[in-house]
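This report covers one pocket and one sheet. The sequence and the structure are shown below.

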Amino acid sequence: MASSVHVEPLDSTLGATVRGVDLGAPLGDEEFEELHAAWLEHAVLVFPDQFLDDESHKAFSCRFGRLERVITRREGSTEVISNLSNVRGDGSLIAPDGNRALFLKGNSYWHTDSSFKRVPAKASLLSARQVPSEGGETEFADMRAAWDRLDAKTQAHLEGKTALHSYRYSQGKVGGLDVLSETDLDNLPPVEHPVVRTHPETGRKSLYIGRHASHIVGEDAAASRELLETLCEEACRPPRVFSHSWTAGDLVMWDNRCVLHRGRPYPSDQPREMRRTTVAGDVADNEWAI
Ligand code: OGA
Ligand code: MN
């Protein structure tokens, strides 16, 4: 039987809108396979009108693999939903210049989630509960197309190189490190990842860079940092980017193995309530996977 899933590619090298599926209900294997294939092809899927609660958000996310526990100040936490909101539990808004705001501000620089972990994340699924009247878009950039457009000399220079990714480095530049416990920071020592990654499921090469990448291992730190910054700036340009303007109820899922993303500013006196799960990288011994 033909499924009701409808995938409409966006006007850039990545991204598609998916309609005709209720992610809050259990998905059949065929429907799941259809979504999985669309996700591998388009790298970012936008699902309007889902209004997932935490349980259905987690249940859908789990179809893609084990979930990462969130980094938090609470010792021993097994929470898997990141609360990326400017709204506190009691409904009040966070201080625009406080540590929590600085922590969230880190997300406004191009990055790929958890690249500062030994095993970086596979997918992220972000759900909008409440959105501001303006701003607060999330932008996505296609690192497959960014790799493809590099000239042969630059590709040859980058091939086989690794970069050092460090949360203390990236978040230290922005501030707000105080929202994490020393234990969790100690659990996040700098790690090395290839600058050019081959996607384990599609075989496509992509640039693996972003704000957590401090410099290239074995090269001059300042010069290689500048190179990474230039690469990122040139990668994140049309037609390799699209901007998602959120409507409450949207769920967006992206492939952290080949996509960079960043959040855009919004008025600090308006609530923006976002919840995220992170699917852990597919390896057996992943200390962050639940
Ligand atoms: C994220 C993220 C940006 C945003 O959820 O991982 O970086 O727009 N979000 O909230
Ligand atoms: Mn992010």
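A pocket here is an open set of grid points with protein on both sides within 12 Å along at least five of seven lines, and its lining residues have an atom within 4 Å of a point. The model is predicted.

**The second largest pocket**

The second largest pocket has a volume of about 580 Å³. Its lining consists of 26 residues, and those that lie nearest its centre are Leu104, Lys105, Arg264, Tyr266 and Arg272. Helix 3 (99-105), strand 14 (259-263) and strand 15 (273-279) are the elements that each give two or more residues to this lining. The largest share, 4 residues, comes from helix 3. The table splits the lining of the second largest pocket by residue class.

| Class in the lining | Number of residues |
|---|---|
| Nonpolar | 12 residues |
| Polar | 8 residues |
| Charged | 6 residues |

**The sheet that holds strand 14**

Strand 14, which contributes to the pocket lining, also belongs to an open sheet of 3 strands in the order 12-6-14, with antiparallel pairing. Strand 12 (241-244) and strand 14 stand at the edges with a single partner strand each, so one side of each has no neighbour in the sheet. From one strand to the next, the twist averages 20°.

In general, strands of a sheet pair through backbone hydrogen bonds, either parallel or antiparallel. Strand 6 (residues 138-142) and strand 12 run antiparallel and are joined by 4 bridges. Which residue of strand 12 does Glu139 stand opposite? Glu139 faces Ser243 there.

Technical notes. Residues numbered from 1 in each chain as written. Chains lettered and ligands numbered in written order. Predicted model: local features only at pLDDT ≥ 70, side-chain atom pairs only at ≥ 80, totals over all residues. Heavy atoms only, no water. 1 Å grid on protein atoms, 1.4 Å probe; cavity = no way out; pocket = protein on both sides within 12 Å on 5 of 7 lines; lining within 4 Å. Points joined across faces, edges and corners; volume = space filled by probe spheres on them. Nonpolar A, V, L, I, M, F, W, Y, C, P; charged D, E, K, R; others polar. Pairing = 2+ DSSP bridges. Axes fitted to C-alpha atoms, helices over the stretch in contact; angles between N-to-C directions.
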